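Let's walk through this structure together, one region at a time. Keep the viewer open and follow along as we go.

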Amino acid sequence: MFDLNGGWNLSFAGCGFLGIYHIGVASCLLEKAPYLVKGATKLYGASAGALTASVLASQASLTKCCEDVIEVAQEARKRNLGPLHPSFNLVKVLKSGLHRDLPCDAHLLASGRLCVSLTRVSDGENVLVSQFSSKEELIQALICSCFIPIYCGLIPPSFRGVRYVDGGISDNLPQSELKNTISISPFSGESDICPRDNSSSFHELRLTNTSIQMNLGNMYRLSRALFPPEPKALAEMCQSGYKDALRFLKENNLLMQGHPTSGPTLQESLPTCCCKHKETNKEWLLRRLRLLREQHWWMDDQIVLPTPIKKVFCEACQDKSGLYAKVSKMLPVRVASYMLMPYTLPVQSAYSVAQRFVEWIPEVPADVSWLFGMAGEVYRQAWRGAPHSPMSEPCLRKCLSAPPLPLECDKPVQRDNLPALSSLDLHGNYWEIPKSTSSSLNHPPNMPPSSPEQVRFFVDL
């Protein structure tokens with residue numbers, strides 16, 4: 001049983017478009033045990049998990065966050081190459097959504113409580129950021145935590161003058177090793193709240209602090225992390241998160257009625273149902289004759305989710321597109337679009353590159369300076385690690401004075417008692433060569449002149 005006496009934390013794993021699973025978990029916690037969110041000492045998150053943690057920490061609307069995730073997924077699915085299409089700018093979409101959904105005092109509510117996982121570009125170390133001076137700084141930290149190299153762009157964003165990338169690269173489930181941390185992951189494994197697949201596989205993959213069981217279910221989830229599925233599949237993932245969180249609360253006896261219920265809510269005005277439609281006699285007859293689809297055919301009406309979240313998915317699953325969108329989804333049109341891609345893709349890429357270049361102009365000085373700095377650092381590392389040529393090595397020279405040897409005060413130096421020195425010892429000592437020959441002839445009266453024969457060398461094979 002999970003012990004809450006010493007305080008607790010919540011840690012959300014990075015998972016790309018599977019962040020809809022976190023929304024299901026968060027909606028269950030807010031509905032069944034809101035004290036777990038309000039009383040949590042820290043809210044950790046990486047990548048998509050940091051977005052959900054920021055919504056909970058800033059007490060933003062979880063329903064709007066769900067709408068944004070579905071909107072981004074639908075925007076990515078409009079193109080032939082999905083999110084890899086040059087015209088799809090994930091960073092821009094995320095930034096506009098965060099500016100729209102987070103409250104003005106989000107940085108004040110999140111500071112000291114929200115911990116965002118970042119990966120520093122210079123050395124690849126993980127950094128946890130928990131203090132934010134403004135809403136813009138909070139959004140910039142979240143953008144850095146969600147930035148996947150090459151997938152989101154080539155030049156990583158900066159936070160307080162330092163370049164960072166996706167926090168899941170270095171630590172995908174921050175502080176999950178702590179005993180009082182409730183770990184949440186959309187991949188079946190050893191996390192506290194995660195799917196329970198019916199698999200006989202005992203193999204486990206520990207990927208940047210995230211436990212992932214080796215089975216077909218996780219392989220499908222990994223494929224959908226960067227390539228979003230249709231809204232109906234997203235609704236099933238969200239329901240999975242809701243049920244897994246509810247199972248965790250029941251197993252650990254955390255569904256207690258004595259705790260206060262104050263905290264962030266799902267929505268101010270709760271609708272009665274996702275779509276209430278009274279069936280007419282004509283519709284009933286047509287459905288009986290199989291001339292009309294089943295009522296609520298676009299999504300399972302028995303899906304277990306809070307009503308506001310369920311309504312969002314219900315509206316997203318309905319096909320309300322126009323004539324052009326319906327025609328473009330037809331199989332012959334889609335096949336023709338793929339065949340014309342070698343001709344249309346260069347034009348679309350040129351337009352997207354020009355548009356991004358115009359948006360990049362204000363950041364050109366900082367980015368170019370960083371690129372030159374990185375190129376210089378790579379050059380220095382390569383030069384330092386390159387093997388030295390024989391001409392660059394200082395050659396052994398005939399010295400005029402012997403290296404300092406341990407001598408007794410009253411006994412002269414015996415040739416047989418000289419220490420054995422290797423060539424490495426000889427090379428390691430910097431012997432001073434007198435500038436003039438006359439100064440080298442003036443030896444102390446009690447020190448006999450040394451000769452190269454007094455030094456004995458050995459070579460270990």
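A good place to begin is Q59, which comes after helix α3 and has a positive phi, near 55°. Please keep in mind that this is a predicted model. The helix before Q59 spans residues 48-57, and 10 of its 10 residues are buried, so α3 counts as mostly covered by the cut-off of under 20% relative accessible area. If you would like to click through the buried residues of α3, they include A48, G49, L51, T52, V55 and L56.

Helix α1, made of residues 19-32, holds another covered spot, S27. With a relative accessibility of 0%, S27 is classed as buried. Where does the side chain of S27 reach? It goes to the backbone oxygen of G24, at 2.7 Å. In general, an α-helix has 3.6 residues a turn, so residues three or four places apart point the same way.

Now for the cysteines. C28 is buried, because its relative accessibility is 0%. C65 takes part in no disulfide, and the nearest cysteine sulfur, which belongs to C66, lies 7.4 Å away. Because a disulfide here needs two cysteine sulfur atoms within 2.5 Å, that pair does not qualify. C65 is also buried, at 13% relative accessible area. For the structure, the count of disulfides comes to 0.

Let's turn to the strands. Is β6 largely enclosed or open? Strand β6 covers residues 162-166, and 4 of its 5 residues are buried, so the rest of the structure largely encloses it. One of its partners is β3 (residues 114-120), which runs antiparallel to β6 and is joined to it by 3 bridges. In this pairing, R120 sits opposite Y164 of β6. Strand β5, residues 158-159, is also antiparallel to β6, with 2 bridges between them. Here F159 faces V162. The hairpin of β5 and β6 leaves 2 residues between the strands, and R160 in this hairpin has a positive phi near 55°.

R120 deserves a second look, since it also forms a salt bridge with D123, where the closest N and O atoms are 2.9 Å apart. Both ends are partly exposed: R120 has a relative accessible area of 25%, and D123 has one of 42%.

The structure has 13 salt bridges. Among them is the one between E359 and K92, with an N to O distance of 2.9 Å. This pair links distant parts of the chain, as E359 belongs to helix α14 (residues 341-360) and K92 to helix α5, 267 residues apart. E359 is partly exposed at 37%, and K92 is partly exposed at 43%. Another salt bridge joins R206 and E204, whose closest N and O atoms are 3.4 Å apart. E204 is partly exposed, with 42% relative accessibility. You can also find a salt-bridge network that links D68, R100 and D101.

Helix α5 also contains G97, which is buried at 9% relative accessible area. The C-alpha atom of G97 is 9.4 Å from that of V72, and the two residues are 25 apart along the chain.

Finally, look at the loop between α4 (62-77) and α5 (90-101), where L84 is found. L84 is partly exposed, at 48% relative accessibility. Together with L81, L226 and F227, L84 forms a nonpolar surface patch with about 310 Å² of accessible area.

Technical notes: Residues numbered from 1 in each chain as written. Predicted model: local features only at pLDDT ≥ 70, side-chain atom pairs only at ≥ 80, totals over all residues. Heavy atoms only, no water. Patch = residues over 30% accessible without salt bridge, like charges linked within 9 Å, V, L, I, M, F, W, Y side chains within 5 Å. Areas by Shrake-Rupley, 256 points an atom, 1.4 Å probe, with all protein chains shown as cover. Salt bridge = Lys/Arg side-chain N within 4 Å of Asp/Glu carboxyl O. Helix = DSSP H or I, 4+ residues; strand = E, 2+ residues; numbered from the N terminus. Buried < 20%, exposed > 50% of the residue type's maximum accessible area, 1.4 Å probe, protein only. Polar contact = N/O pair within 3.5 Å; in protein donor to acceptor, adjacent residues only side chain to side chain. Pairing = 2+ DSSP bridges.
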